[in-house]
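This report describes the fold, the pocket and a few side-chain arrangements of one protein model. It proceeds from a single loop residue to the chain as a whole, and then to the pocket and the aromatic rings.

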Amino acid sequence: MKIILIPVIVIITLFTSCKETNQAENTLKNRIKSYLTECKKNGVSGSILVAQEEEILYSGGLGLSDRKKKTPTNEETTFTIGSITKQFTATAILKLQEEGKLSVKDSLPSFFDNVPVDKKKITIHQLLTHTSGILGNLPGGGDFTPIWKDYFLTKVFHSTLDFTPGSSYNYSNVGYTLLTIIIEQISQQDYEVYLNEVFFKKAGMKY
């Protein structure tokens, strides 16, 4: 029995020693890099920043920003964020209401001239909740298609409603663009400037 026990004790000791060494070498930074390596293998792309208190643990790009051109991603790569902006638009509207500068019950004629009869009763609340009946997107227009504000408003006001305001639901990018115009009119600032001043700076965010 003694002959058998001695080598078993030695083997267990060796395994324990190796485990402690691996744990010491396997820092959080290394684990992050290892995880991101696996993400890259699975086709994940993005600009990544991982920080803990004052220490930056990882900053860099992952994968490709343009797969056709084989353009690598880095920490400076700009990505489109799509409808993530809508939550900030809605918050800005509610902030202006909190300040008494508008009400979600206000209708379009409170902010725009020459609103057609079929759109006169559309409220801010309906724009916020996609129940205004306004079309989702302008024909031929995309997220990156430049358009003048006056031309945009003309096209929207001359478009046909999808349904009677308040009677149904239809996701509308156009409705939220109207909300950004309202924010600019009431705040007398560009949309981006207003959001930065009212929200992002106060949150300690920089761009």
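Helices and strands are taken here as DSSP runs, with at least four residues for a helix and at least two for a strand, and they are numbered from the N terminus. In these terms Thr 123 is placed in the loop between α3 and α4. The model is a predicted one. With a relative accessibility of 16%, Thr 123 counts as buried, because the limit for that class is under 20%. When residues up to four places away in sequence are not counted, Thr 123 touches Val 104, Lys 105, Asp 106 and Ser 107.

**Overall fold**

The protein has 7 helices and 4 strands, and their order along the sequence follows the pattern α-α-β-β-β-β-α-α-α-α-α. Of its 207 residues, 30% are buried. Among the contacts with a separation of 6 or more, 59% are made by residues that are 24 or more positions apart.

**The largest pocket**

The largest pocket has a volume of about 1800 Å³. Its lining is made up of 41 residues, and those that lie nearest the centre of the pocket are Gly 82, Thr 85, Asp 143, Tyr 191 and Glu 192. Sorted by class, this lining holds 19 nonpolar, 15 polar and 7 charged residues. At least two lining residues each are supplied by α3 (85-98), α5 (149-157), α6 (173-187) and α7 (191-200). Which helix gives the largest share of the lining? That share, 7 residues, comes from α6.

**Val 156 and its surroundings**

Val 156 belongs to helix α5, and with a relative accessible area of 0% this residue is buried. Apart from neighbours within four places in sequence, Val 156 is in contact with Lys 119, Ile 134, Leu 138, Val 174 and Leu 178. For one of these partners, Val 174, the separation from Val 156 is 18 residues in sequence and 7.8 Å in space, taken from C-alpha to C-alpha.

**Aromatic rings**

A pair of aromatic rings is described by the distance of the centres and the angle of the planes. The structure holds 2 aromatic pairs, and their geometry is set out below.

| Pair | Distance of ring centres | Angle of planes | Arrangement |
|---|---|---|---|
| Phe 88 and Phe 200 | 5.4 Å | 75 degrees | edge-to-face |
| Phe 112 and Phe 157 | 5.8 Å | 70 degrees | edge-to-face |

The pair of Phe 88 and Phe 200 links distant parts of the chain, since Phe 88 is in helix α3 and Phe 200 in helix α7, 112 residues apart. Phe 88 has a relative accessibility of 30% and therefore counts as partly exposed.

In the pair of Phe 112 and Phe 157, Phe 112 lies in the loop between α3 and α4 (124-128) and Phe 157 in helix α5, so the pair ties together parts that are 45 residues apart in sequence. Is Phe 112 buried or exposed? At 5% relative accessibility, Phe 112 counts as buried, and Phe 157, with a relative accessible area of 9%, is buried too.

A further arrangement at a ring involves a charged side chain: Lys 86 lies over the face of Tyr 176, at 5.7 Å from the ring centre.

How values were computed: Residues numbered from 1 in each chain as written. Predicted model: local features only at pLDDT ≥ 70, side-chain atom pairs only at ≥ 80, totals over all residues. Heavy atoms only, no water. 1 Å grid on protein atoms, 1.4 Å probe; cavity = no way out; pocket = protein on both sides within 12 Å on 5 of 7 lines; lining within 4 Å. Points joined across faces, edges and corners; volume = space filled by probe spheres on them. Nonpolar A, V, L, I, M, F, W, Y, C, P; charged D, E, K, R; others polar. Buried < 20%, exposed > 50% of the residue type's maximum accessible area, 1.4 Å probe, protein only. Contact = heavy atoms within 4.5 Å. Phe/Tyr/Trp six-rings, centres within 6.5 Å; stacked < 30°, edge-to-face > 60°. Lys NZ or Arg CZ within 6 Å of the ring centre and 35° of its normal.
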